[in-house]
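Subject: The structure I promised you

Hi,

Here is the structure for you to look through. Open it up first, turn it around a bit, and then read on.

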Amino acid sequence: MERLSWTGALGPWLVPALEAALVALALAALAHPLALLAGYRLGPGPEAARSGPGRAARLTGGLLRLSLWALAAALAAFLIGGLLVPPEAKGILGRIATRLWPVWLSLGASFALVALFRRRLGLLGHLLGNPAGAVGLALVMFWVFAALFADQIAPFDPITDVIAGMKNKPPGTPLPAPEGTYGYYLLGGDALARDVFSRAVAGARVVLAIAPAATLFAFMVGITLGLPAGYLGGRLDLLLSFLANLVLAFPVILLFFLLVTPEIVAMGVPTYMAGALFLFPLIFLTILWNSRFRTRPPLRAALIGATLVLGGWLYAGLAWNADPFGVVSMPAGVLIVFVSVVFVNAPSVFRIVRGLTLDIRTRDYVAAAQTRGEGPWYIMLWEILPNARGPLLVDFCLRIGYTTILLGTLGFFGLGLAPESPDWGTSINAGRGLLQFVPFPPLVPAVAIMSLVLGMNLLADGLREESLRE
Amino acid sequence: MAGFIIRRLGVMALTALCMTFIVFLLTNLQPNLEKLAKTQAGARITDAEVASWIDRNGYGAPMLTRYGEWLGVLPAPLATDADGRAVGGRCLRGHPGLAADEVPRFCGVLQGDWGYSTKFRRPVTEVIAERLQRTGLLMAWAFATMVPLALIVGVLAGMREGSALDRGLSTLSIATTSTPEYVSGVIFVALFASSMVGLKWFTGSAKSAVEGATFQNFTLPVATVALYGMGYIARMTRASMAEVMTAQYIRTARLKGLSFRAVVLRHALRNALIAPFTVIMLQFPWLLTGVVIVEALFVYPGFGDALVQGAQNNDIDLLLAVSVVAVIVVLATQLLSDIGYALLNPRIRVA
Amino acid sequence: MTTPSSRADTRSDRTHPAARMYAREHRAGLMDRREFLGRATALGLTSAAAYALIGQPEPARAQTVPQRGGTLRIQMDCRELADPRTYDWSEKANETRGIIEYLAELRRDGTLRPMLLERWQANEDATEYTLHIRPGVTWNTGEPFTAKDVAANLDGWCDTSVEGNSMPSRMAAMVEDGKAAEGAIEIVDDLTVRLHLLRPDGTLMFGMADYPAAVMHRDKIGTSVADHGIGTGAYMFEEFKVGERIVLVRNPDHAYWGDGAWLDRIEFLDYGTDPSAWLAGADADEFDVTHETVSDFIDIFSALGWVESSVGTSSTVVIRPNQEAEVDGVRPYADVRVRRALALAIDNSVPLELGISGRGRESRNNFHVAPDVHPDYAEIEAHRQDIPEALRLMEEAGMMDYEHELVSIDDDYRKNTTDAVAAQLRDAGFKVRRTVLPGSTFWNDWTKYPFSSTNWAHRETGIQLLNLAYRSTAAWNECGFRNVEFDALLDQATAIADDTERRAVMARLERIMVDEGVAIIPYFRALYRHAKPGVLNIEMHPKYEINVHHLGWA
């Protein structure tokens, strides 16, 4: 078998189209700011200033938009064309597009659903109308679905499929003995002769399992401590704020080095920290139910009971690896990384929540609840927290992106997960030395990390804009 | 104001005290001390030799006592051999061959002695001073490129919210904040510094910058630090600018018939830059993480490298000094940003 | 006064009878040239005489005389210094070799070359050595270098009471009760020392040429040269920054005994452990020589136009189960079936390709003696991967469900080699979890991990390695391998001077290692170094030695 080309049979038509679109985009992107500035300078007074950019700027602006659409169309043609042509005519891009079909299907379905029920979905519905938010959502959902369907998408096992002769091979290389396998390493082989494409997809699963969950835990901790600090104030606030500032003043890397060194792990420090940090979701939920359903004891008891039983079971398994049924557990390496990430993120969340609480507690509806005689926890959790959800949601998205980068940083210093783990940070670190010569093993996960974080940031941006507009 | 600053300095001292105690605790756990003994006296020494090394060199006393010795409030004992010669102890580190009666009894921070770096085999103060100077240079250049660029981008984008220019520049700044240093640095080196790609404009190693930073050897590390930090400041500036542009007094100025350019330059800019100022100051500690990565990537022996080396080799005194410096940097920039904010914005008074 | 009789005396004095025997063995094809040269020079022959004995001219070295002057920059880890006897890295010795020198030096071709000694000779059964000190050598304090210095150093080398002193194992034939045996070291006159060994040892001089055997001033034994700078070498430290850079410059106040010391200035520059940083430094023209070029970077440095030099060695990565290690109350590797199953699951060419890019040669089988490098190598049947047999053994042992934790250090070739082994074990159907530890942590417990990989440096003979690492009582016995029969055979092999006979015993030792599944030893490495064109005498050394006195520019 021969090596695959990037574009397959579609190349001769689509590559020139793509190039033309790119050139047009570059020209328009250069010309537009110039035209804009020129327009301002030429404007003869207040009328021009109010009427916006001049005619030249409008022209270049239109060109910019047009070339963007052309570029998008060309790219879409690659994907759709790649999907549709017969297998032997597919290039690398076409084959990747084909492997990703569960992602396209789910993406299409979910966007169609959102569009259909746009009115009823509130913030999420509005997001589709916001270009930044829509692109961000699409990027994020792409990786979420890629992570979900990783087993279907990846043609090879990301860890155990080490195929002799495939070390550092370029994209599209056929296997020496393709019988009974997918036959090609679509994005080449890495230094240990594993499939780069499969590892990138499997890496999404690792990253998206850790980053959002760790961020969520950090939020639980930050909220559970930040609400009373802001609402009750006093000594408690003083103490908690001091502790938060203490952790924040630590250089993150030093903290990681100290927590992740094998000696400290052997002493069980991360396990004890997990024992403390993983309690917070339990506390949070218990207080949540308790404050809300104080007047309905049976429901309260049922909810709290369920939380404690279910949560306690998860807690024992995750933090102490002591699940009596042996189902729930977390690998030691993952636990350390998880705990460290939660630990450095929680204080920032704490500060944000505290600041928001300080602001919101002076509002009328809080005063009204106080006069109604509601307890402090009810006010914090059911009056203040819902009204702080906008900024918190935005921060949540941003923080997932930041956590993803942090995981990569850990991988960079060799502090993160096991070396064969397909997560992106570890892969980048493993491949970066030979980037000039064998670019794909580090470049593919690098693009993946950038696109996911970009998606998160764009999503956060869209959310911020839309929640401000509300 | 003076009271405010004194109170903040007090908090700073307390934070430093707590932080150093935590670092001390973690670095002085028994397995870490054993690791230190093995890196110092040879990897193949026996367990008995490890124990005697720990005792002899003053690591054997209870943790709190030794923390007191480091602070300089407790005397550090001296180990002597049968002939009464000094053979080890906190105050003897770095001064081998000192006679027993010449060794000071106290040698802690209060005496101005920050200890001895077991990794670099020099007094900690020397190491830190030299490294801070180098990192300072890197940071200075990074800020000098990052801040003006970010402000220009932010102001241009925020001038007309929602315009194509705004969208383009905003996406650009989001993209830079989405590209971590370990990605951008690696790509920079591959593109601009390798024989294989051929564009050997810069060097991918900043080691020679120690003797003298040049355009060639310092550009890539500076660009890598600056790029990641730039997007954030630019977006803050944009938000602040966009907010100012909708303010009442700007509308008034424009209704008065002032040109758009004049409105932006004379009225909007000054007020729009107050918020980014605090952000810029708060970037300092945040950049520290980036500096650690960049120094490792470009082999630049600065403060970040000292941190990594200290942590990898369990260099206790060095790590304690590093964390004190970190606390001071973080809290001092916070203080400066608060004061600066108050000075720039006459409506706010520092309580 | 060249009467025939005195000439005859000189001749018998120079040509040790054992050396003549070795020459016969060499001609009979029983000993390769490298080993012959090593052994003959170890007994006191000059290398010219050794070459003459086997009827070959000594290779010319005319083109290797460098110019005087210049600066050379060498990329190398800059490590902290201590008492030379406790050196645990060859880099430390390279840092100080310009100041403190050695009695003799091991060359790339395996011969010994006298340095601070002018010559030495051993008696017939190698129990008595006479060391003739080179006249005219002085310390840089101005004092002459005498027999007293040599004797004091020998005393120090035999002292086992010093923490981390690794010399006593090399001087074992003189050590009694933790120090030099009574009367073992005799000062004959100012320039002659005679050693009386407790038992025969033909390899003693190799020990004196090894990197911890740097000769210190008699009053400074036990100190670090960084603290006082006293030595016989031509250089002195100008700058000494651990982890950063070390600069040596010619000592202007010292008359050096040799005709070397061509360079004015040598800089050792620390670029950390990441080879891509070395490449960046080379691309930026920040240094002229690499300490060691590894894996994929070998071709890249050659492509940059740098001159490659390599040397085949017996250094390797040993992936070994520890038979005595307990995991959760059981000893998973006490069962020979488990160990054999692990070895049988591996195709040794895969770690060679993926771990070190094929830069070395595949081992014959899983024993620690290198073909073509070790003179006492004996050929037994080759290893063959056999997965069905591996599965059968593992199932029989009831360990199919056991998850093996495979530990390695975090670096380039050791990690990749171990990863390749782990991947093959998984491929065979075993459960494997990988743990990677940073270098600063890994070495603390390296002999105790249940299942881990260790790199072993080059040794001149196979029997040295087996004694070091696989004898029941050896401190570095990381396999937890305790076998009475093996120990007895080791004793037997160590006592045999004749190689033909030794090889027969070695074959039995090698067979036991394979049958017991002691370790997976996939390959033996070739070591590489790159230098810019024009750098002379920097060729890669099997023990990474760099003697700055020899280096220079063409």
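Below is what I found in it, chain by chain and then contact by contact.

One thing to keep in mind from the start: this is a predicted model.

**Chain A**

Let's begin with chain A. Its secondary structure comes to 21 helices and two strands. If you line the chain up with its principal axes, the C-alpha atoms fill a box of roughly 75 × 70 × 45 Å. Of the 470 residues in chain A, 47% are buried. Looking at contacts in chain A with a separation of 6 or more, 70% are between residues 24 or more positions apart.

The domain assignment splits chain A into domain 1 (1–40 + 54–99) and domain 2 (207–438). Notice that domain 1 of chain A is written as two pieces of sequence, 1–40 and 54–99. The centres of domain 1 and domain 2 of chain A, taken over C-alpha atoms, are 42 Å apart.

There is also a record to compare with. An unreviewed UniProt entry puts "domain: ABC transmembrane type-1" at residues 204–460 of chain A. In the model, that span is 81% helix and 0% strand, and its end C-alpha atoms lie 20 Å apart.

**Chain B**

Now for chain B, which has 13 helices and four strands. How does the radius of gyration of chain B sit beside that of a compact globule of 351 residues? The globule would come out near 20 Å, while chain B has 26 Å. The C-alpha trace of chain B spans about 95 × 60 × 30 Å along its principal axes, so have a look at it from a few sides. Buried residues account for 48% of the 351 in chain B. For contacts in chain B with a separation of 6 or more, the share between residues 24 or more positions apart is 67%.

Chain B is divided into domain 1 (35–113) and domain 2 (125–344). Between the centres of these two domains of chain B, over C-alpha atoms, there are 42 Å.

UniProt has something to say here too, again from an unreviewed entry: it lists "transmembrane region" at residues 9–29, 138–159, 180–202, 214–234, 273–298 and 318–344 of chain B. Two of these are good ones to click on. Residues 9–29 of chain B are 90% helix and 0% strand, with 30 Å between the end C-alpha atoms. Residues 214–234 of chain B are 95% helix and 0% strand, with the end C-alpha atoms 27 Å apart.

**Where chain A touches chain B**

How many residues of each chain take part in this contact? Chain A brings 44 residues and chain B brings 41. On the chain A side, the elements that give two or more residues are all helices, including H1 (11–42), H3 (55–84), H19 (389–412) and H21 (440–469) of chain A. Which of them gives the most? That is H21(A), with nine residues. Sorted by class, the chain A side has 31 nonpolar, ten polar and three charged residues.

**Where chain C touches chain A**

Here 22 residues of chain C meet 18 residues of chain A. On the chain C side, two or more residues come from each of helix H10 (275–283), helix H13 (349–356), helix H15 (412–428) and strand E18 (431–437) of chain C. H15(C) gives the most, with seven residues. By class, the chain C side has nine nonpolar, four polar and nine charged residues.

**Inside chain C**

The domain assignment gives chain C four entries: domain 1 (17–54), domain 2 (81–227), domain 3 (235–305 + 534–553) and domain 4 (316–526). The centres of domain 2 and domain 4 of chain C, over C-alpha atoms, are 33 Å apart.

Finally, zoom in on strand E1 (residues 71–75) of chain C. E1(C) pairs in the parallel sense with strand E12 (residues 265–269) of chain C, over five bridges. One place to see this pairing is Gln75(C), whose bridge partner in E12(C) is Leu269(C). E1(C) is also joined by two bridges to strand E13 (residues 289–290) of chain C, and these run parallel as well. In that pairing, Ile74(C) stands opposite Val289(C).

Happy browsing!

Key. Residues are numbered from 1 along each chain as its sequence is written. Chains are lettered from A and ligands numbered from 1 in the order in which they are written. This is a predicted model: local features need pLDDT of at least 70, side-chain atom pairs count only at pLDDT 80 or more; totals for chains, interfaces and linings use all residues. The radius of gyration is taken over C-alpha atoms; the globule rule is 2.2 Å times the number of residues to the power 0.38. A residue is buried if 20 or more other C-beta atoms lie within 10 Å of its own, exposed if 12 or fewer, and partly exposed in between; C-beta atoms are placed from the backbone. Two residues are in contact if their C-beta atoms, placed from the backbone, lie within 7 Å. Two strands pair if DSSP finds at least two bridges between them. Ala, Val, Leu, Ile, Met, Phe, Trp, Tyr, Cys and Pro count as nonpolar, Asp, Glu, Lys and Arg as charged, and the others, Gly among them, as polar. UniProt positions are given in the numbering used here, feature names are shortened, and annotations may be inferred rather than shown by experiment. Domain bounds come from an automatic or database domain assignment.
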